[in-house]
There are 2 protein chains.
Amino acid sequence: MKRNSRLSLALHTLSHMAGEPGRVRTSADIADHAGTNPVVVRRVLGKLREAGLLSSEKGHAGGWQLAKDADSITLADVYLALDERLVAGSGGDAEPSHCSVETGLQSRVAEVLDDIEESLVERLRETKITDVHPSSCSYCGS
Amino acid sequence: MKRNSRLSLALHTLSHMAGEPGRVRTSADIADHAGTNPVVVRRVLGKLREAGLLSSEKGHAGGWQLAKDADSITLADVYLALDERLVAGSGGDAEPSHCSVETGLQSRVAEVLDDIEESLVERLRETKITDVHPSSCSYCGS
DNA sequence: GTATATGTAACAATGGATGTTGCATTCGTC
DNA sequence: GACGAATGCAACATCCATTGTTACATATAC
């Protein structure tokens with residue numbers, strides 16, 4: 001995995017689950033499919049659980065499944081659950097400048113990027129998890 | 001500097017230049033203002049020059065300035081000049097899977113992210129460099 | 001009690017971005 | 001023509017976020 005792997009892994013997994021909503025999957029299964037590691041899967045899916053998108057059960061027959069209807073989950077939900085801020089960045093690490101033009105400009109640039117970030121989230125809100133699942137998929141139970 | 005530093009540095013610099021379009025600035029000056037290194041500045045601004053947004057002159061009285069009207073430069077121009085792909089990521093590093101559901105899903109996820117990326121660029125096209133420059137700026141010559 | 005799952009902490013490894021140095025080249029000025 | 005000042009560029013070092021890994025505690029079904 002390389003860039004945007006968290007978002008990618010999340011969408012991948014959710015989309016899979018949208019195909020067979022009832023099925024419970026272990027992090028090991030998911031990791032195999034996604035070509036990564038169970039712990040990484042748990043880390044990412046844990047965020048989605050915090051956001052109420054997934055539920056997990058410990059123990060023998062445990063695993064992960066959707067906590068709500070796939071139709072009601074948008075990419076914005078996923079994006080926000082993962083605390084991604086692709087455009088705006090982490091933001092407030094600018095060392096205070098002596099020059100007032102600089103500080104003004106810096107905050108203005110940050111403002112603009114925040115606006116763009118917001119637009120991005122709005123755009124993400126338009127796509128549902130069910131839109132990601134391939135319509136031509138004849139393998140899953142759906 | 002930390003995250004999104006290239007985009008941030010580029011916007012910062014262009015916005016500065018929009019204030020005093022005639023002035024030629026050295027990479028050392030710009031680096032000072034941005035709190036970074038002349039070579040880094042040249043790396044980033046070099047991309048903007050390739051895209052025709054800036055021009056640079058070597059030699060004694062050399063430096064950087066806008067190559068076109070600040071009004072005609074949008075954030076999309078900058079974003080694309082820098083080869084940023086914030087949403088879509090680098091993309092094609094997925095190891096080929098034996099499972100056809102996987103490959104289908106992976107390409108579908110990539111498709112969706114590409115769409116979002118495109119929307120982002122469209123959004124960026126709506127903001128001009130002159131929109132970034134603070135209207136309350138009484139320091140620059142504009 | 002055992003097997004199997006998550007939850008989590010601690011640490012290692014990887015990789016991209018940034019910072020740095022050095023030097024060739026170009027251009028104005030003396 | 002020599003010199004100073006700037007870009008252009010390559011090579012290397014450093015930093016840092018992400019990912020990968022190991023280990024172990026905990027919970028649950030059988």
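# A tour of two protein chains and two DNA strands

Begin by selecting DNA strand C: 26 residues surround this strand, and the closest are A:Ser27, A:Arg49, B:Ser5, B:Thr36 and B:Arg43. Of the atoms of DNA strand C that come within 4 Å of the protein, sugar and phosphate account for 63%. Please note that the model on screen is predicted.

**Stop 1: polar contacts of DNA strand C**

Select B:Asn37 and display its side chain; a polar atom there lies 3.2 Å from a phosphate oxygen of DNA strand C. Next, select residue 60 in both chains. A backbone N or O atom of B:His60 lies 3.1 Å from a base oxygen of DNA strand C, and a polar backbone atom of A:His60 is 3.5 Å from a base oxygen of that strand. Then colour the protein by secondary structure. Two or more residues of the surface near DNA strand C come from each of helix 3, strand 1 (54–57) and strand 2 (63–66) of chain A, and from each of helix 1 and helix 3 of chain B. Helix 3 of chain A gives the most, with 4 residues. Colouring by residue class shows 4 nonpolar, 11 polar and 11 charged residues on the surface near DNA strand C.

**Stop 2: DNA strand D**

Move the selection to DNA strand D. This strand is surrounded by 26 residues, with A:Ser5, A:Thr36, A:Arg43, B:Ser27 and B:Arg49 the closest. Within 4 Å of the protein, 63% of the atoms of DNA strand D belong to sugar or phosphate, and the rest to bases.

Three distances may be displayed here. From the side chain of A:Thr36, an N or O atom is 2.6 Å from a phosphate oxygen of DNA strand D. A side-chain N or O atom of B:Trp64 is 3.1 Å from a phosphate oxygen of the strand. At A:His60, a polar backbone atom is 2.9 Å from a base oxygen of DNA strand D.

For the wider surface near DNA strand D, select helix 1 (5–19) and helix 3 (38–50) of chain A, then helix 3 (38–50), strand 1 (54–57) and strand 2 (63–66) of chain B; each supplies at least two residues. Helix 3 of chain B provides the largest share, 4 residues. By class, the surface near DNA strand D comprises 5 nonpolar, 11 polar and 10 charged residues.

**Stop 3: the nonpolar core**

Hide the DNA and turn to the protein interior. The largest nonpolar core has 76 residues, of which A:Leu48, A:Val78, A:Ile129, B:Leu48, B:Val78 and B:Ile129 touch the most other members. Centre the view on B:Val78. Beyond four places in sequence, B:Val78 touches B:Leu7, B:Ala10, B:Leu11, B:Leu14, B:Leu48, B:Leu53, B:Ile73 and B:Ile129.

From there, select B:Ala10, which lies in helix 1 (residues 5–19) of chain B. Is B:Ala10 buried or exposed? B:Ala10 counts as buried because its relative accessibility is 0%, below the 20% cut-off. Leaving aside neighbours within four places in sequence, B:Ala10 is in contact with B:Val44, B:Leu48, B:Val78 and B:Leu82. A C-alpha distance may also be displayed: B:Ala10 and B:Leu75, 65 residues apart along the chain, are separated by 9.8 Å.

**Stop 4: residue 83 in each chain**

Finally, select A:Asp83, in the loop between helix 4 (75–81) and helix 5 (100–124) of chain A. Although A:Asp83 is not a glycine, its phi is positive, about 60°. A:Asp83 counts as exposed because its relative accessibility is 53%, over the 50% cut-off.

Then select B:Asp83, found in the loop between helix 4 (75–81) and helix 5 (100–124) of chain B. B:Asp83, not a glycine, has a positive phi of about 60°, and at 52% relative accessibility B:Asp83 counts as exposed.

Notes
Residues are numbered from 1 along each chain as its sequence is written. Chains are lettered from A and ligands numbered from 1 in the order in which they are written. This is a predicted model: local features need pLDDT of at least 70, side-chain atom pairs count only at pLDDT 80 or more; totals for chains, interfaces and linings use all residues. Side-chain values use heavy atoms; hydrogens and water are left out. A nonpolar core is a set of buried Ala, Val, Leu, Ile, Met, Phe, Trp, Tyr and Cys residues joined through side-chain atoms within 4.5 Å. Buried means under 20% relative accessible area, exposed over 50%, partly exposed in between (1.4 Å probe, protein chains only). Contact means heavy atoms within 4.5 Å. A residue is near a molecule or strand if one of its heavy atoms lies within 4 Å of it. A polar contact is a pair of N or O atoms within 3.5 Å; within protein, one must be able to donate a hydrogen and the other to accept it, and residues adjacent in sequence count only if both atoms are side-chain atoms. Ala, Val, Leu, Ile, Met, Phe, Trp, Tyr, Cys and Pro count as nonpolar, Asp, Glu, Lys and Arg as charged, and the others, Gly among them, as polar.
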